[in-house]
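The following exercises concern a protein model and its ligand. Study the structure, attempt each task, and then compare your reasoning with the worked solution.

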Amino acid sequence: MKILGTGKALPTLSVTNDMLAQFLNTSDTWISTRTGIKERRLLSKEDLIDLSTIASEQAIQDAHLKVSDIDFIICSNVANTYVTPALSCIVQGNINATCPCIDINGACSGFIYALDIAESYLQAKKEIQNILIVCAEEPSRFTNWKERDTSVLFGDGAGAVVVTRGNNLKSINLTTSSKVDALYYQRKLEDTPYEEKNEGNGPLVMQGKDVFKLAVTSSVSDIETVMNKANVKPENIKYFVLHQANIRIIDTIRQQLNLPEEKFPHNIERYGNTSSASIPILLDEMRKDDQLKNGDLLVLSAFGAGFTTGACVIEWSENL
Ligand code: ACO
């Protein structure tokens, strides 16, 4: 597999920490020193379907393909207005594609899981050449905006890539260890004549310190695993593109791996944590800022609710 094109779409509304401090008992100093976030984009006038569609169209155009060249769509999403149909089906209609589609929910690790599924599909099915992966998330819709502990951390957005056949995925590693209490969001289902449950109906519950420790331990281990599997050393890696959850998590991982800051690009200061969209959004920015060159080796690494983790070593190739 190799990445042929990238795209992204972010809401127009930018919300600074000071804006949040107007209605939450928080401050720019607390949020920026504890998380690195200075502002985030939040959905207001647009919706997630708009963002998913724009990011997908950009990625297809960037890959120099036509919509009819896309053979499969994978959408990574935690929650959106529709439980069914899948968001990928809605995107498929909006971009006028006709291929099969599926949604996955690997939480913030969804992009790495989608890459692995895409790689397996390309290997297993001769008829599939090009796969669109779109990661679209609106965590602002499931955090509690009356409390300061989780709402300040997140932002909305969509990132997309188109992948095709190639030998650029050098190694990949996925893990899941069931730990529901650390991070979850429940939605209430309809009552039935036989079952009337007073079950949870959001908002997001997070044990921040537990997630922090799990994130650091698992990412360090995943990154070492994928570098070993690919038989590459840290000095061969141009960039470590990590899930943008908290700059202190990124820094702690970097310090444990004993690597310099310039190898760890970040945009969390502008977008907050956009869940599974964070890595494809960052990749798109790096690509459009000319930071990625043919032959660069990248490590991608993410962690999320589940608890799921995933990392890979991938070689960048420009689609000139
Ligand atoms: N503004 C001001 N004060 C706050 C805020 C806020 N927004 N949030 C918490 N505080 C207060 C707490 O009430 C506490 O006050 P106290 O000392 O009087 O009790 C104090 O700040 C310290 O709170 P902690 O929870 O200990 O702060 P910590 O340094 O652990 O940082 C944080 C909290 C940012 C959530 C951190 O634990 C973290 O980043 N964890 C990982 C979270 C994460 O990655 N979430 C993403 C989830 S999805 C995913 O991507 C996997």
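**Exercise 1. Identify the helix that gives the most residues to the shell around the ligand.**

Solution. The model examined here is predicted. Step 1: H6 gives the most to this shell, with 4 residues. Step 2: H6 spans 208–230, and it is one of several elements that each supply at least two shell residues; the others are helix H2 (28–35), helix H7 (247–257) and strand S12 (297–304). Step 3: in total, 24 residues surround the ligand, and the closest are Thr-26, Arg-34, Lys-209, His-243 and Asn-246.

**Exercise 2. Describe the composition of the shell and determine where the ligand lies with respect to the domains.**

Solution. Step 1: sort the shell residues by character, which yields 11 nonpolar, 8 polar and 5 charged. Step 2: consider the domains. Because domain 1 (2–167) and domain 2 (171–315) both give residues to the shell, the ligand lies between them. Step 3: consider the pockets; the ligand sits in the largest pocket.

**Exercise 3. Find polar side-chain atoms that lie within 3.5 Å of an N or O atom of the ligand.**

Solution. Step 1: begin with the nitrogen atoms of the ligand. One of them is 2.6 Å from an N or O atom in the side chain of Thr-26. Step 2: turn to the oxygen atoms of the ligand. A polar side-chain atom of Asn-246 lies 2.5 Å from one ligand oxygen, and for Arg-148 the corresponding distance to a ligand oxygen is 2.9 Å. Step 3: consider the cover. On its own the ligand has 1000 Å² of accessible area, of which the protein covers 74%.

**Exercise 4. Locate cis peptide bonds and a non-glycine residue with positive phi.**

Solution. Step 1: recall the general rule that most peptide bonds are trans and that most residues other than glycine have a negative phi. Step 2: examine omega. A cis bond joins Gly-202 and Pro-203, with omega about -15°; Pro-203 belongs to the loop between strand S9 (183–184) and strand S10 (205–206). The bond from Gly-306 to Phe-307 is also cis, with omega near 10°, and Phe-307 is placed in the loop between S12 and strand S13 (308–315). Step 3: examine phi. Asn-258, although not a glycine, has a positive phi of about 60°; Asn-258 is in the loop between H7 and helix H8 (268–271).

Methods:
Residues numbered from 1 in each chain as written. Predicted model: local features only at pLDDT ≥ 70, side-chain atom pairs only at ≥ 80, totals over all residues. Heavy atoms only, no water. Near = heavy atom within 4 Å. Polar contact = N/O pair within 3.5 Å; in protein donor to acceptor, adjacent residues only side chain to side chain. Areas by Shrake-Rupley, 256 points an atom, 1.4 Å probe, with all protein chains shown as cover. 1 Å grid on protein atoms, 1.4 Å probe; cavity = no way out; pocket = protein on both sides within 12 Å on 5 of 7 lines; lining within 4 Å. Sits in = over half its atoms within 2 Å of the grid points. Nonpolar A, V, L, I, M, F, W, Y, C, P; charged D, E, K, R; others polar. Domains from an automatic or database assignment.
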